[in-house]
Amino acid sequence: MKTQVKALVVGGGAVGTSIAYHLAKAGWGDVMLLERDELTSGSTWHAAGLLPLFNMSFATTHIHQYSVEFYKTLEAETGLNAGFAVVGNLRMAQTDARMDEYMLYASTAETCGVPYEWLTPDEIKAKWPLIETSDLKGALYHRTDGYINPADVTMAMAKGARQRGVAIERKWQADAFEWNGTHWEVTCTKMVEKGGNLVPSEEQIVITAEHVVTASGNHAQRTAQMLGIKMPAIPVEHQFIVMDRDPALVDYRAAGNVEHPVIRDADAQSYVREERGGWILGVYEKNAPARFEYGVPDSFRADLFQLDLERIEDQYMAMNHRIPSAENCGLKDDFNGPICYTPDGNPLVGPAPGLRNMWLAEGFSFGITAAGGTGYYLAQMMVEGEAEIDMASLDPKRYGDWMTTEYAARKNEEAYDHVYILHHPDEERPACRPLRTSPAYDRQAARGAQFGQMNGWERPNYYAPEGFSDHDSRSFRRGGWWQHAVEEARAIREGVGLIDATAFTKHLVRGPGATAFLDWFTCNKLPSVGRINLTYALTGAGTTRTEYTIVRLAQDEYYLVSAGAWTAYDSDYLRKAIADKMPEVGYIECHDVTTQWGVFAIAGPKSRDVLRDLVRDAEPETVLSNKRFPWLTMRNIELGMVPVRAIRVAYTGELGWELHHPIEMQNHLFDALEKAGAPHGMKLVGTRAQNWLRQEKSYRAFGNELGRDATPLEADLPRFVDLSKEFHGKQAMVDHGIRVKCVTLLIDGPEDADPWGREVLYNGERRTGRLTSGGYSVAFGKSIGMGYVQVEDAVVGQKLKVKMLDQLWEAEVVEDSPYDPKNQRIRADI
Ligand SMILES: Cc1cc2nc3c(=O)[nH]c(=O)nc-3n(C[C@H](O)[C@H](O)[C@H](O)COP(=O)(O)OP(=O)(O)OC[C@H]3O[C@@H](n4cnc5c(N)ncnc54)[C@H](O)[C@@H]3O)c2cc1C
């Protein structure tokens, strides 16, 4: 057995096997796959093998799409048949709202080129007469979907990996990881059988590996403990049952009919597919418990839990309604296995927080579907430095250190329970809330704040009168909250509004090396002392890794503000880059001060009037004037008794300030602002209105327009890129050229709906791109969106079409910042 390799992959399930295969395929000759038991003995062996090609996330759809194409090629490469049945996937809708959901699915599917068809209940009945359709509104049919044998596809990937030189070692368990500065030293223990259990023997070896990938499935918590990190990957029980032969189905197939598609009855929380003349019923039921919060017992190997038929009774009855002939079939087999989850249902794929050359591929709930694509894109990240798609939505660092076992377990149960709920884009999930609250939370709640959760923080989405139900207001069209957001947006455009932006990520970077470091780390000129710049840190591949507002506090002291959702993600990149660069540029300190500073953003033409009543200064009349406090500067001011780091920027595009304040004084400041704001009609405003307003100014949002799949030049932000200096990722950015371009669009959409930022864009018959943001513009009285299109279409005045609710609607590319393009309102003086 080798003891020195380029890459060691820990875990021989579908995911780990695919990663080992793809690392070898990408050119790494020295890869080892380590499995503590037998290949597939984790969750892989008992999966139902469905391959839902399509998922609401852009990155995940690409991953699934790659898998499906890749699995089709495996037989030719390895001679092993993985039992891939391309039977199609029928997503059925019992309600109009579900049809709306599918229309959003369909438009998103088109952005990735996934084919689909609409079927009426009659068309379903004509094709598949065993299905009861009287209560259906219709269905979305993906004919290229199907299912596969999970163990066979894993074995085929293992054979392909071996053919490419991967060493596969079974019955060895990775037990400790130590980084020696250049390599990982992984202590591995030989596992032996003892009374049916798998237990560690005395035999140990140390494997030295330049890179390690963990794909440990249900053992993720043990892996996290060994690595000294947190991972919210905890399994939940998942059940499916296999029914005996159904004579009606046997007759139907004997008559020469092809196999039924996978039948997804989302409103009944279940899926059904054929299995040897009978049916498999899989369910996403309520109250499925999390398991193995503190590790998998030795006695649990390729095992299952006891079936809980009572828990799935409703879904079982619903299947008998949907396929009446199934009612007489006996139960042949049952599976209740651990299925790994994360709080948002997406796996954790990418670099581990705080560690070098340690990669995670954990928390897969659709691991059979995702294995192929995960292997492909993770290998790209490891071998080439970046994947061709933005993997941020899967990044392990999207959860921070605030995350606990209890949080992960309860959220994962919720994620499981929510698999088949209506996925309203304005959905807010209730479990584990409130958890992270800014001090003003109670005051905001008392004023009708309807909170959303982001990175664990509670943030007001909008404010509504007493008795309003956010839950009941959700929709795929304009929800009941829409009117409240309109009023809030208007308040900022016409008067003044106050937004809680406390969740912003904030770092303090200082020391003799800070200036040289940040100059190299970010692509814009650094601001002079007391000034602010918007800038970007790039990936090595020249794409956008993070957006920062940098405030220069002193010669060698900087305050970095970035998106609230990405604190751990930004922190990790910043700290690793500092550690790398420090020997060259000198000492640098980096502090995550996110939870030390509260932030209120005050904006609107009357915002200066509100602040003037509060500000303590020898000349309160002029302290906020353009002369003393110009746009894009920072001043330390006093508002009542609160020392405030005021930053003259406004994400809404109106005259405004971000008021960064000591978090323990937040309530005092809130009360003072409310009192001062009352005579001016100041309105409390939530993030939904803010999101619309920033689109009127074409302000790109991180995670929407800004990410690792486009450069800042493709985001059409050349004014924030200083090409006269050298910075990280510059050459790669230039080499990319402009492949696609970010534009703002005004849209003549349906009367009752706005785009959500996932819709496909056409120029005539040609698919030209997709929206990455969407909403309503109070300034223009119509829908607005931002997105990426082919370069030739990124021209002001270009007419395009956007697909919403299964129809094409007129859209026009408008100049950047269609509202107040000259920024006169932001610069308004006293
Ligand atoms: C009932 C059920 C039905 C499902 N149906 C589907 C479906 O239809 N479609 C779909 O896509 N997904 C389905 N899934 C989910 C799917 O099974 C998982 O997502 C997938 O198997 C995860 O693969 P993995 O490689 O991440 O984990 P696993 O298959 O669990 O593999 C992890 C491996 O790592 C090994 N390991 C752990 N720690 C160590 C260590 N320290 N050293 C060495 N080895 C280690 C384990 O022994 C294990 O073999 C289903 C799950 C269940 C429970």
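Reader: Which residues are the closest to the ligand?
Author: In all, 37 residues surround the ligand, where a residue counts as near if one of its heavy atoms lies within 4 Å. The model is predicted: local features need pLDDT of at least 70, side-chain atom pairs count only at pLDDT 80 or more, and totals for chains, interfaces and linings use all residues. Residues are numbered from 1 along each chain as its sequence is written, and side-chain values use heavy atoms, with hydrogens and water left out. The closest residues are Glu-35, Thr-44, Leu-50, Gly-367 and Thr-369.

Reader: How much of the area that the ligand exposes when taken alone does the protein bury?
Author: Backbone N or O atoms approach oxygen atoms of the ligand at Ser-43, at 2.8 Å, at Gly-49, at 3.0 Å, and at Phe-366, at 3.4 Å. Taken alone, the ligand exposes 1000 Å² (Shrake-Rupley method, 1.4 Å probe). Of that area, the protein buries 98%.

Reader: Which elements give two or more residues to the shell around the ligand?
Author: Elements are DSSP runs numbered from the N terminus: helices (H or I) of at least four residues and strands (E) of at least two. Those giving two or more residues to the shell are helix 1 (14-25), strand 2 (31-35), strand 9 (172-179), strand 12 (234-243), strand 16 (331-341) and helix 9 (367-384).

Reader: How many aromatic pairs does a search of the whole structure find?
Author: Rings of Phe, Tyr and Trp (its six-membered ring) pair if their centres lie within 6.5 Å; planes under 30 degrees apart count as stacked, over 60 as edge-to-face and the rest as tilted. A search of the whole structure finds a total of 40.

Reader: How many residues apart are Tyr-284 and Tyr-420, which form an aromatic pair?
Author: The pair is edge-to-face, with 5.4 Å from centre to centre and 85 degrees between the planes. Tyr-284 is in the loop between strand 15 (278-283) and helix 8 (313-322), and Tyr-420 in the loop between helix 10 (405-417) and helix 11 (441-446). Both Tyr-284 and Tyr-420 are buried, that is, under 20% relative accessible area, with exposed over 50% and partly exposed in between (1.4 Å probe, protein chains only). Along the chain, their separation in residues is 136.

Reader: Are Phe-521 and Tyr-573 buried or exposed?
Author: Phe-521 and Tyr-573 form a tilted pair, 5.7 Å centre to centre with 40 degrees between the planes. Phe-521 belongs to helix 13 (residues 514-521) and Tyr-573 to helix 14 (residues 567-585). Both residues are buried.

Reader: Why is helix 17 largely enclosed by the rest of the structure?
Author: Arg-688 is one of the buried residues of helix 17, and lies over the face of Trp-481, 4.5 Å from the ring centre. Helix 17 (residues 687-696) is largely enclosed because, of its 10 residues, those that are buried number nine.

Reader: What is the relative accessible area of Ser-698?
Author: Ser-698 comes just after helix 17, in the loop between helix 17 and helix 18 (730-736). Its phi is near 55 degrees, a positive value in a residue other than glycine. Ser-698 is buried, with a relative accessible area of 2%.

Reader: Which residues are joined by a cis peptide bond with omega of about -10 degrees?
Author: Pro-434, in the loop between helix 10 and helix 11, takes part in this bond. The two residues joined are Arg-433 and Pro-434.

Methods:
Polar contact = N/O pair within 3.5 Å; in protein donor to acceptor, adjacent residues only side chain to side chain. Lys NZ or Arg CZ within 6 Å of the ring centre and 35° of its normal.
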